Amino acid sequence: MNASIDILVVHDEAVDEDVIRALLAPDAELRIVGYLDGLGHHAPDCDVLVVACGAYNDDAGALIREAVEDRPERPVVLVTQGAPNGYVDQAFLAGAVDIVVLPQPCDVSLAGALSHQVRFTLGKAVARRAGAGSGEGKMVVMIGPKGGSGKTLTATNLAAALAHAGRSVVVVDLDLQFGDVGLALGLAPTTTMYDLLTSGGSMDAEKLDAFLVDHPSGARALLAPRRPDQAGRITVDFLREVYVLLRATHDVVIVDTPPAFTPEVIAAVDASSDVCMVAMLDALSLKNVKLGFETLELMGYADGNIRFLLNRADTSVGITLDDVQAIIGRVPDVLVPSDREITRSVNEGTPVALKHRSSDAGKAFFKLAALIADAPQGVASTKRRRRLSFSRSN
Ligand SMILES: Nc1ncnc2c1ncn2[C@@H]1O[C@H](COP(=O)(O)OP(=O)(O)OP(=O)(O)O)[C@@H](O)[C@H]1O
Ligand SMILES: [Mg+2]
């Protein structure tokens with residue numbers, strides 16, 4: 001952890017100052033510069049703002065939003081008690097960079113037992129703020145809020161193209177219930193993220209490495225649980241830890257997602273350097289993609305870090321590229337045609353980008369790979385901050 005992180009704590013009456021002190025374990029490296037009682041307070045200067053409340057509520061959300069709007073570069077960490085169900089996405093949308101969940105009830109000794117984990121969380125938040133991520137790999141999240149739009153196709157072909165170009169690349173299958181990255185790459189699910197989660201002990205890069213499945217192209221994959229009932233065990237905290245380790249050991253981490261803004265997807269977007277929006281030429285897909293862009297805007301995602309891929313772009317269905325531009329407000333960066341070879345390659349488990357590299361589809365995925373890999377460091381790897389700006393120079 002960097003020297004001397006100044007933490008300001010704003011808490012409500014449900015959370016005791018002694019519990020917070022035990023949780024943060026202040027010392028020479030981490031100072032608590034003040035406690036403000038009551039969530040209505042306006043936050044003065046500090047490196048990290050900790051908002052602690054018994055149960056997440058509108059006041060906490062308003063305070064986080066206001067603090068992030070005031071100083072977007074200062075991380076806000078939420079500490080709550082009890083199960084985090086139902087508010088994780090709200091808290092992230094408000095602008096919290098991380099959430100720490102205390103047991104309920106919580107006393108000083110229980111809080112003290114969590115201090116190691118919390119200090120790691122705070123250290124990460126500050127490191128991100130300081131731009132310490134500039135040496136880490138990129139992380140690209142596929143977003144396609146309508147099912148079947150081509151996210152898995154894009155994730156797997158992007159991985160194959162990047163691997164072909166000599167990059168170390170790993171695909172994380174975040175379609176936790178019905179993930180099919182393994183199928184699309186022709187990989188047997190010998191190990192999955194569920195196996196990693198349930199393997200016991202603490203996680204480090206070496207251990208995580210043992211649970212990745214290798215593709216002949218050199219790309220690797222962390223596969224989704226084998227069965228839908230195992231998916232519920234995968235937590236956002238676990239995934240965040242996975243992303244940090246994978247980014248430290250790979251040039252590019254690609255995250256395939258289900259067709260929804262689930263808390264896991266929002267957390268992945270939050271942890272990412274780039275997003276690839278995948279759309280098709282139909283009204284429902286375009287409507288949902290527009291909503292997707294608006295959600296990214298709400299999250300303060302830097303515009304320059306979003307790629308827009310139009311799949312089945314040559315389909316004649318009464319919607320033109322001009323219509324797409326008018327509806328979405330931007331021109332697609334990459335056009336992937338409809339191609340029987342694509343369907344065939346998915347069925348065979350061989351990415352079309354490798355099998356038919358010089359086909360239009362193959363070229364499209366290599367173009368996307370170049371856009372992701374060759375984006376200037378300052379654009380693609382620097383962490384944006386929610387509500388910071390949409391400036392391309394950011
Ligand atoms: N351009 C294309 N040409 C031919 N077939 C395609 C094309 N794009 C997608 N497909 C086929 O459509 C199906 C759906 O694609 P894919 O699985 O990539 O979508 P998805 O967005 O990941 O779906 P889900 O949201 O259900 O995960 C696949 O079987 C794939 O073979
Ligand atoms: Mg999919």
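Here are three short exercises on this predicted model, each with a worked solution.

**Exercise 1. Place β6 in its sheet.**
Task: work out which strands pair with β6, and in which sense.

Solution: Start with the strand order of the open sheet, which is β8-β9-β7-β10-β6-β11-β12-β13, with mixed pairing. Its edge strands, each pairing on one side only, are β8 (213-214) and β13 (334-336). Next, take the neighbours of β6 one at a time. With β10 it runs parallel, joined by 4 bridges, and M139 has V253 as its bridge partner there. With β11 the pairing is again in the parallel sense, over 4 bridges, and V141 stands opposite V275. One step further along, β10 is joined to β7 by 5 bridges, also parallel, with V171 opposite I254.

**Exercise 2. Sort the side chains of β6.**
Task: find which residues of β6 point one way and which the other, and decide whether they are buried or exposed.

Solution: In a regular strand, side chains alternate between the two sheet faces. Now read along β6: K138, V140 and M142 point one way, while M139, V141 and I143 point the other way. For burial, look for 20 or more other C-beta atoms within 10 Å. In β6, 6 of 6 residues are buried.

**Exercise 3. Follow α6 from sheet to ligand.**
Task: find what α6 lies across, and which elements give two or more residues to the shell around ligand 1.

Solution: α6 lies across β6, β7, β10, β11 and β12, at about 165° to β10. Turning to the ligand, 18 residues surround it, with K151, T152, L153, I342 and V346 the closest. The elements giving two or more residues are α6 (151-164) and α15 (340-348). By class, the shell has 5 nonpolar, 9 polar and 4 charged residues.

Note on methods: Residues are numbered from 1 along each chain as its sequence is written. Chains are lettered from A and ligands numbered from 1 in the order in which they are written. This is a predicted model: local features need pLDDT of at least 70, side-chain atom pairs count only at pLDDT 80 or more; totals for chains, interfaces and linings use all residues. A residue is near a molecule or strand if its C-beta atom, placed from the backbone, lies within 6 Å of it. Ala, Val, Leu, Ile, Met, Phe, Trp, Tyr, Cys and Pro count as nonpolar, Asp, Glu, Lys and Arg as charged, and the others, Gly among them, as polar. Two strands pair if DSSP finds at least two bridges between them. Two residues are in contact if their C-beta atoms, placed from the backbone, lie within 7 Å. Axes are lines fitted to C-alpha atoms, for helices over the stretch in contact, and angles run from 0 to 180 degrees between N-to-C directions. A residue is buried if 20 or more other C-beta atoms lie within 10 Å of its own, exposed if 12 or fewer, and partly exposed in between; C-beta atoms are placed from the backbone.
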